[in-house]
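This report describes how one protein chain is put together. Please look over the sequence and the structure before reading on.

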Amino acid sequence: LPDGLPVVSLPAEEGRAEAAADALAVWNALGKVLQPQVALVSADGKTLTLSLTNGATVKWGTNEDSALKAKVLEVLVAQRGASVYDVSAPAHPVTS
């Protein structure tokens, strides 16, 4: 694994290219604060899920509004310890 990059999980065939593009878009939206905290990006061609290095899961949803989702996630991670961060609806994030 190249230093500074997470593992990326993609579907075997159908939707693989779209899932890879979605994963890259989300990775780029995360920025320098969150990128080091991401261990795994899972993309199935429809939705994305991130696994953080601390064991928490991020339910990202689609790659729409990725910039806003990244900003919301950064605040949540800094202010709330949680095992799940759901930013799929960034105006109404949920933690648990």
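## A buried loop residue

Gln35 has a relative accessibility of 18% and therefore counts as buried, the cut-off being under 20%. The structure is a predicted model. Gln35 sits in the loop that links helix 1 to strand 2. Leaving aside residues up to four places away in sequence, Gln35 is in contact with Trp27, Asn28 and Leu30.

One of these contacts, Asn28, is also the centre of a kink of about 40° in helix 1, which covers residues 16–34.

## The sheet

Six strands make up an open sheet of mixed pairing, in the order 1-2-3-4-5-6. Strand 1 and strand 6 (94–95) are the edge strands, and each pairs on one side only. Strands of a sheet pair through backbone hydrogen bonds, in either the parallel or the antiparallel sense.

Strand 3 (residues 48–52) and strand 4 (residues 57–61) run antiparallel and are joined by four bridges. Within this pair, Leu50 lies opposite Val58 of strand 4. The two strands form a hairpin with four residues between them, and Gly55 in the turn has a positive phi of about 95°.

On the way to the far edge, strand 4 runs parallel to strand 5 (residues 84–86), with three bridges between them. Here Lys59 stands opposite Asp86 of strand 5. The connection from strand 4 to strand 5 passes through helix 2 (residues 66–79), and this β-α-β crossover is left-handed. Strand 5 is paired with strand 6 in the antiparallel sense over two bridges. Tyr85 has Thr95 in strand 6 as its bridge partner.

## Helices on the sheet

Helix 1 lies across strand 1, strand 2, strand 3 and strand 4, and runs at about 155° to strand 2. Helix 2 also packs on the sheet, where it touches strand 3, strand 4, strand 5 and strand 6. The direction of helix 2 makes about 160° with that of strand 4.

The buried residues of helix 1 are Ala19, Asp22, Ala23, Val26, Trp27, Leu30 and Leu34. They pack against strand 1 (7–9), strand 2 (38–43), strand 3, strand 4 and helix 2.

## The nonpolar core

In soluble globular proteins, nonpolar side chains tend to be buried together. In this model the largest nonpolar core holds 22 residues. Leu30, Leu50, Val58, Trp60, Leu73 and Tyr85 have the most contacts inside this core. Helix 1, strand 2, strand 3, strand 4 and helix 2 each give two or more residues to the core. The most come from helix 1, which gives six.

Which residues does Leu30 touch, not counting those up to four places away in sequence? Its contacts are Gln35, Val38, Leu50, Trp60, Ala70 and Leu73. Among them, Leu50, Trp60 and Leu73 are also listed with the most contacts inside the core. The Leu50 that Leu30 touches is the residue standing opposite Val58 in the hairpin strands.

## A positive phi before helix 2

Most residues other than glycine have a negative phi. Asp65, which is not a glycine, has a positive phi near 60°. Where does Asp65 lie? The residue is placed in the loop between strand 4 and helix 2, a stretch of the chain that belongs to the left-handed crossover from strand 4 to strand 5.

Conventions
Residues numbered from 1 in each chain as written. Predicted model: local features only at pLDDT ≥ 70, side-chain atom pairs only at ≥ 80, totals over all residues. Heavy atoms only, no water. Pairing = 2+ DSSP bridges. Right-handed = clockwise from strand over helix to strand, strands pointing away. Bend = angle between axes of the 7 residues up to and from the residue. Buried < 20%, exposed > 50% of the residue type's maximum accessible area, 1.4 Å probe, protein only. Contact = heavy atoms within 4.5 Å. Axes fitted to C-alpha atoms, helices over the stretch in contact; angles between N-to-C directions. Core = buried A, V, L, I, M, F, W, Y, C linked by side-chain atoms within 4.5 Å.
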